Amino acid sequence: MARAEATAATQQNPGYRGLRGWLEQVDKLGELERVSGASWDAEMGGLTQMLTENSRGNAPALLFDDVPGYPKGYRTLYGQLSSIRRIALTLGLPLEYQRKVDIVQRYHERMAEMKPLKPRFVNDGPVFENVIEGDAIDVLKFPVPRHHEADKSRFIGTACAVVTKDPDDGWFNLGAYRSQVYDGKTVGCQITEGKHGRIHRDKYFARGEPMKVVILCGQDPLLFMLSSSPLPEVSEYDIAGGLRGEPVDVVRGPFTGFPIPADCEIAIEGETVPGQTRQEGPFGEWMGYYSDDSVPRPYLKVKNVLYRNDPILCCAPQHKPVDE
């Protein structure tokens with residue numbers, strides 16, 4: 001009887017709220033490793049790559065702190081979704097499966113049954129603990145990594161969710177588009193053809209209009225997962241709410257008016273202007289090599305940065321499969 005109860009307990013998903021609640025549960029699962037003293041300059045990315053590629057699908061999530069040159073508490077997180085149990089936790093599914101493919105079946109069932117729930121606007125949230133604008137803007141106040149030794153720049157957006165708005169229908173898309181740092185007030189945003197964010201941008205640019213953008217750089221891992229998934233023209237906020245069974249609490253961005261998760265760690269508001277480009281890339285991609293040449297692409301002028309006290313910057317390990 002006791003054994004049956006223990007087995008049932010391992011099947012239960014404890015649930016969580018926001019990235020910090022997710023980290024608490026991952027720590028309880030024994031799948032969080034804290035690392036002190038690693039440099040932003042290729043060390044964090046290199047350590048994550050070595051652990052992930054040698055883990056056989058069970059790499060821990062890595063939380064880096066005490067980054068040289070940055071205040072204690074300014075952290076980076078790699079490898080959120082590099083284990084089946086963490087994916088199950090994120091999706092609200094049972095944590096144990098006989099076969100890895102079982103989680104795919106359960107996720108398919110959940111998506112088929114799920115009814116989208118629109119986000120819920122609230123007046124305040126932890127993301128407003130710090131707001132910097134004007135001359136004070138500097139996205140490099142966070143320990144933004146240079147992820148690979150052949151990268152020419154630091155990239156603040158890898159495990160990110162880039163929020164754009166359709167100018168015709170008004171719906172908000174979240175997409176995982178890489179974001180290169182040019183300087184403290186200028187950030188790139190590579191959006192490939194066919195992606196919803198690119199469709200939105202093309203519409204604005206065709207009219208000679210700038211496009212407002214929010215880059216979420218530390219958020220619920222579910223939003224990152226959905227942002228990197230092919231989905232129909234339904235906001236990822238609505239799908240996240242449907243999967244959770246309750247709306248995502250959001251605040252309005254001071255510059256864009258866009259919905260921003262109230263408990264988001266870091267949010268960058270800006271705009272991209274037609275005809276203004278900078279050389280973007282190269283960047284080590286998920287397939288384990290450099291997939292394209294460096295070419296001119298539109299970039300963002302940062303208008304403000306919102307962030308929590310002791311912020312956590314989310315990063316994705318871009319290297320050889322299989323991982324997140």
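Me: Which residues of helix α8 are buried?
Reply: First, this is a predicted model: local features need pLDDT of at least 70, side-chain atom pairs count only at pLDDT 80 or more, and totals for chains, interfaces and linings use all residues. Residues are numbered from 1 along each chain as its sequence is written, and side-chain values use heavy atoms, leaving out hydrogens and water. Helix α8 spans residues 236-244, and eight of its nine residues are buried (under 20% relative accessible area with a 1.4 Å probe, protein chains only; exposed is over 50%, partly exposed in between). Those buried residues of α8 are Glu236, Tyr237, Asp238, Ile239, Ala240, Gly241, Gly242 and Leu243.

Me: What phi does Gly245 take?
Reply: Helices here are DSSP runs of H or I with at least four residues, strands are runs of E with at least two, and both are numbered from the N terminus. Gly245 comes just after α8, and its phi is positive, at about 85°.

Me: Which strands stand at the edges of the sheet β1-β2-β3-β17?
Reply: Two strands pair if DSSP finds at least two bridges between them. This open sheet has four strands with mixed pairing, in the order β1-β2-β3-β17. Two of them have a single partner strand each, so one side is left without a neighbour in the sheet: β1 (32-36) and β17 (312-315).

Me: Which residue in β3 is the bridge partner of Leu62?
Reply: Strands β2 (residues 61-65) and β3 (residues 75-78) run antiparallel, joined by three bridges. For Leu62, the partner in β3 is Tyr78.

Me: At what angle does helix α3 run to β2?
Reply: Axes are lines fitted to C-alpha atoms, for helices over the stretch in contact (heavy atoms within 4.5 Å), and angles run from 0 to 180 degrees between N-to-C directions. Helix α3 (residues 43-53) lies across β1, β2 and β3, and its angle to β2 is about 160°.

Me: Why do the rings of Phe64 and Tyr78 count as edge-to-face or stacked?
Reply: Rings of Phe, Tyr and Trp (its six-membered ring) pair if their centres lie within 6.5 Å; planes under 30 degrees apart are stacked, over 60 edge-to-face, and the rest tilted. By this rule there are seven aromatic pairs. Phe64 and Tyr78 have ring centres 5.9 Å apart and planes at 85°, so their pair is edge-to-face.

Me: How many residues apart in sequence are the parts tied together by Phe155 and Phe283?
Reply: These two rings make a tilted pair, 4.5 Å centre to centre with 45° between the planes. Both Phe155 and Phe283 are buried. Phe155 is in strand β6 and Phe283 in the loop between β15 (277-280) and β16 (295-307), so the separation in sequence is 128 residues.

Me: Is Ala159 buried or exposed, and what is its relative accessible area?
Reply: Ala159 lies in the loop between β6 (154-157) and β7 (161-165). Not counting residues up to four places away in sequence, Ala159 touches Gln80, Gln219, Phe224, Cys314, Cys315 and Ala316. Ala159 is buried, and its relative accessible area is 0%.

Me: How many Å is the charged end of Arg252 from the centre of the ring of Phe121?
Reply: A charge sits over a ring if NZ of Lys or CZ of Arg is within 6 Å of the ring centre and within 35 degrees of the ring normal. Phe121 stands opposite Val250 in β12. The charged end of Arg252 sits over the Phe121 ring, and its distance from the centre is 3.9 Å.
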